[in-house]
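The exercises below are meant to be worked with the sequence and the model open side by side. Try each task before reading its solution.

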Amino acid sequence: MTTTTAQQTVRQQVLVLYLASSALDSRVVGWSTYDGTGATTPTTGDSDEPPYGTGLDALKDGWRLFQAAQLLPPQPGHEYDVSFLKHEFFFEKLV
């Protein structure tokens, strides 16, 4: 008698949130989502509303935080320069 075990393939979903500050409970100002399952094909700018109000809300919904941006102070004289969104947080779900 042989037994076969079905192997489940785990896929990763990634959520990138840009927050107003380095605090996880600050508001979301930008976001991107990526779906490794292929079930959805989200693109940047496909929604006017962020998927979560804060990074903490994403944690409460089961997303796992795996990277946060370094906190780098601005160089003297460049405190008000416009550049990239620096408070970037990466979350994942394994489904």
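**Exercise 1. In which sense do strand 1 and strand 4 pair, and over how many bridges?**

Solution. The model is a predicted one, and the steps that follow should be read with that in mind. Begin by locating strand 1 at residues 12-19 and strand 4 at residues 88-94; the two pair in the antiparallel sense, over seven bridges. Next, check the register at both ends of strand 1: Gln12 stands opposite Leu94 in strand 4, while Tyr18 stands opposite Glu88.

**Exercise 2. Work out the order of the strands in the sheet, and state which strands stand at the edges.**

Solution. Start from the other pairing of strand 4, which joins strand 3 (residues 64-68) in the antiparallel sense over four bridges, with Gln67 of the chain standing opposite Phe90 in strand 4. The complete sheet is open and consists of four strands in the order 2-1-4-3, paired in the antiparallel sense. Strand 2 (28-35) and strand 3 each have a single partner strand, so they stand at the edges and one side of each is left without a neighbour in the sheet. As a last step, consider the angle between neighbours: on average, neighbouring strands of this sheet are turned by 20° against each other, direction ignored.

**Exercise 3. Identify the residues of the largest nonpolar core and the element that gives the largest share of them.**

Solution. The largest nonpolar core has nine residues, namely Leu15, Leu17, Leu19, Val28, Tyr52, Ala58, Trp63, Phe89 and Phe91. Sorting them by element shows that strand 1 and strand 4 are the ones that give two or more residues to this core, and that the largest share, three residues, comes from strand 1. To see the surroundings of one core member, follow Leu19: leaving aside residues up to four places away in sequence, its contacts include Val28 and Phe89, and also Leu24, Gly55 and His87. As background to this exercise, nonpolar side chains in soluble globular proteins tend to be buried together.

**Exercise 4. How many salt bridges does the structure hold, and which residues form them?**

Solution. There are two salt bridges in the structure. In one of them, the side chains of Asp61 and Lys93 meet at 3.9 Å, N to O, a distance that falls within the 4 Å cut-off. This pair links distant parts of the chain, since Asp61 belongs to the loop between helix 1 (55-60) and strand 3, Lys93 belongs to strand 4, and the two are 32 residues apart. Both partners are partly exposed, Asp61 with a relative accessible area of 41% and Lys93 at 21%.

In the other salt bridge, Glu92 pairs with Arg64, and their closest N and O atoms are 2.5 Å apart. Glu92 lies in strand 4 and Arg64 in strand 3, so this pair ties together parts that are 28 residues apart in sequence. Here Glu92 is buried, with a relative accessible area of 9%, whereas Arg64 is partly exposed, with a relative accessible area of 47%.

**Exercise 5. With which side chain does the side chain of Gln13 make a polar contact?**

Solution. Place Gln13 in strand 1, and then look for its polar partner, which is the side chain of Asp35, at 3.2 Å. Among the residues that Gln13 touches, not counting those up to four places away in sequence, are Tyr34, Asp35, Trp63, Phe91 and Glu92.

Key
Residues numbered from 1 in each chain as written. Predicted model: local features only at pLDDT ≥ 70, side-chain atom pairs only at ≥ 80, totals over all residues. Heavy atoms only, no water. Pairing = 2+ DSSP bridges. Core = buried A, V, L, I, M, F, W, Y, C linked by side-chain atoms within 4.5 Å. Buried < 20%, exposed > 50% of the residue type's maximum accessible area, 1.4 Å probe, protein only. Contact = heavy atoms within 4.5 Å. Axes fitted to C-alpha atoms, helices over the stretch in contact; angles between N-to-C directions. Polar contact = N/O pair within 3.5 Å; in protein donor to acceptor, adjacent residues only side chain to side chain.
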